[in-house]
Amino acid sequence: MPGQAFSTAAVAAPPLGGRARRPGAGGPLGIAGLCLLALAIVWAVFQLVPAIHLRDAVALRDFTLLSRPHVDSVGSFLIRLLDPPLFIVWGIALVALALARARPRVAAAVAFVMALAPFSAETLKPLLAHPHAQVGSAHIGPASWPSGHATAALTVVLCAVLVTPARLRPLVATLGAVYALAVGCALLILAWHMPSDVLGGYLLATLWMAVAVAGLRVAERWWPAGRRASEGAK
């Protein structure tokens with residue numbers, strides 16, 4: 001899970017050896033760059049390459065065949081957990097948890113990611129709108145890429161991993177991955193989005209988390225929290 005790797009490196013207390021031994025921002029910035037490149041490739045390939053464009057629609061049709069009343073009800077419930085009011089509640093709760101653990105920088109990073117990830121998804125949709133192929137009865141409008149719900153789902157998961165104590169991160173990352181994937185499947189079964197929309201949402205959430213972790217690393221390298229605390233205790 002990307003969030004577990006990001007959070008472990010970003011928030012672990014570095015050894016007392018000065019700035020040289022603190023992890024740099026190069027790793028997460030590299031991940032952010034790869035996500036940006038992948039976003040461009042996914043959009044271009046799935047929208048502009050006819051065979052893959054059609055395959056996207058075929059995959060959506062195959063997912064909709066899984067629709068059943070109980071499956072749809074569970075999927076709708078999982079998606080409703082990301083409605084704007086609840087998404088704000090999750091954000092406030094995660095920021096509060098970070099502050100309760102005396103980690104204001106992590107709280108700021110969570111606020112940064114949870115604000116910009118869904119905002120950027122909604123901004124990109126009309127800018128990159130493109131007609132989708134249709135196979136079967138499922139029809140998705142052109143302004144659907146990337147999926148805002150997929151973006152929101154993985155954003156919540158990554159932020160939860162970031163604020164969680166180290167001993168609980170594997171559990172939170174595993175449960176979060178299951179939830180994010182379940183939301184993605186629900187979006188397809190209910191024909192809310194194309195598979196490429198969901199993939200784009202996951203990449204966008206990872207991009208913003210990578211940027212946030214890079215910022216945390218830069219801040220820790222130049223203004224070490226441990227050093228400030230020890231100086232304040234003197």
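These legends describe close-up views of a predicted model.

**Figure 1. Overview of an all-helix chain.** The protein chain has 10 helices and zero strands. Read from the N terminus, its elements run α-α-α-α-α-α-α-α-α-α. The chain holds 234 residues, and buried residues make up 43% of them. Consider the contacts with a separation of 6 or more: 80% of these join residues 24 or more positions apart. The accessible surface amounts to about 11400 Å². Carbon and sulfur atoms own 74% of that surface.

**Figure 2. Salt bridge between R61 and D62.** The count of salt bridges in the model is three, and this view shows the pair R61 and D62. Their side chains meet with an N to O distance of 2.9 Å. That value lies within the 4 Å cut-off for a salt bridge. R61 has 29% relative accessibility, so it counts as partly exposed. D62 has 32% and is likewise partly exposed. Side chains of opposite charge can pair when their charged atoms come close.

**Figure 3. Salt bridge between R105 and E220.** Here the N to O distance is 3.0 Å. The pair links distant parts of the chain. R105 belongs to helix α6 (residues 104–127), E220 to helix α9 (residues 195–222). Along the chain, 115 residues separate the partners. R105 is partly exposed, because its relative accessibility is 23%. E220 is buried, because its relative accessible area is 16%. The limit for buried is under 20%, so R105 and E220 fall on opposite sides of it.

**Figure 4. Salt bridge between E122 and K125 in helix α6.** The side chains of E122 and K125 meet at 3.3 Å, N to O. Both residues sit in helix α6, three residues apart. That spacing means about one helical turn between them. E122 is partly exposed, with a relative accessible area of 44%. K125 has 12% relative accessibility and therefore counts as buried.

**Figure 5. Helix α4 and its buried face.** Helix α4 covers residues 69–80, 12 residues in total. At 1.5 Å a residue it should span 16 Å, and its end C-alpha atoms are indeed 16 Å apart. The buried residues of α4 are G75, L78 and I79. Seen down the helix axis, these buried residues fall within an arc of 95°, so they line one face. They pack against α7 (148–163) and α8 (169–189). The face of α4 turned away from the buried side carries exposed P69 and H70.

**Figure 6. Surroundings of T151 in helix α7.** T151 lies in helix α7. Its relative accessible area is 0%, so T151 is buried. Which residues does T151 contact, leaving aside neighbours within four places in sequence? They are A117, P118, A121, G201, L204 and A205. A117, P118 and A121 fall within the range of helix α6 (residues 104–127). G201, L204 and A205 fall within that of helix α9 (residues 195–222).

**Figure 7. Helix α9, largely enclosed.** Helix α9 has 28 residues. Its first and last C-alpha atoms are 41 Å apart, close to the 40 Å expected at 1.5 Å a residue. Of its 28 residues, 22 are buried, so the rest of the structure largely encloses the helix. E220, seen in Figure 3, is a buried residue of this helix.

**Figure 8. Nonpolar surface patch with L37.** L34, L37 and I41 form a nonpolar patch on the surface. Together they have about 300 Å² of accessible area. L37 lies in helix α2 (residues 26–48). The numbers of L34 and I41 fall in that residue range too.

**Figure 9. L171 in helix α8, with V161.** L171 lies in helix α8. Is L171 buried or exposed? L171 has 51% relative accessibility and therefore counts as exposed. The cut-off for exposed is over 50%. L171 and V161 are 10 residues apart along the chain. Their C-alpha atoms are separated by 9.1 Å. V161 falls within the residue range of α7 (148–163).

Terms used. Residues are numbered from 1 along each chain as its sequence is written. This is a predicted model: local features need pLDDT of at least 70, side-chain atom pairs count only at pLDDT 80 or more; totals for chains, interfaces and linings use all residues. Side-chain values use heavy atoms; hydrogens and water are left out. Buried means under 20% relative accessible area, exposed over 50%, partly exposed in between (1.4 Å probe, protein chains only). Helices (H or I, at least four residues) and strands (E, at least two) are DSSP runs, numbered from the N terminus. The expected span of a helix is 1.5 Å times one less than its number of residues. The arc is that of the directions from the helix axis to the C-beta atoms. Contact means heavy atoms within 4.5 Å. Patches are made of residues with over 30% relative accessible area and no salt bridge: like charges are joined within 9 Å, nonpolar side chains (Val, Leu, Ile, Met, Phe, Trp, Tyr) within 5 Å. Accessible areas come from the Shrake-Rupley method with a 1.4 Å probe; for residues, only the protein chains shown count as cover.
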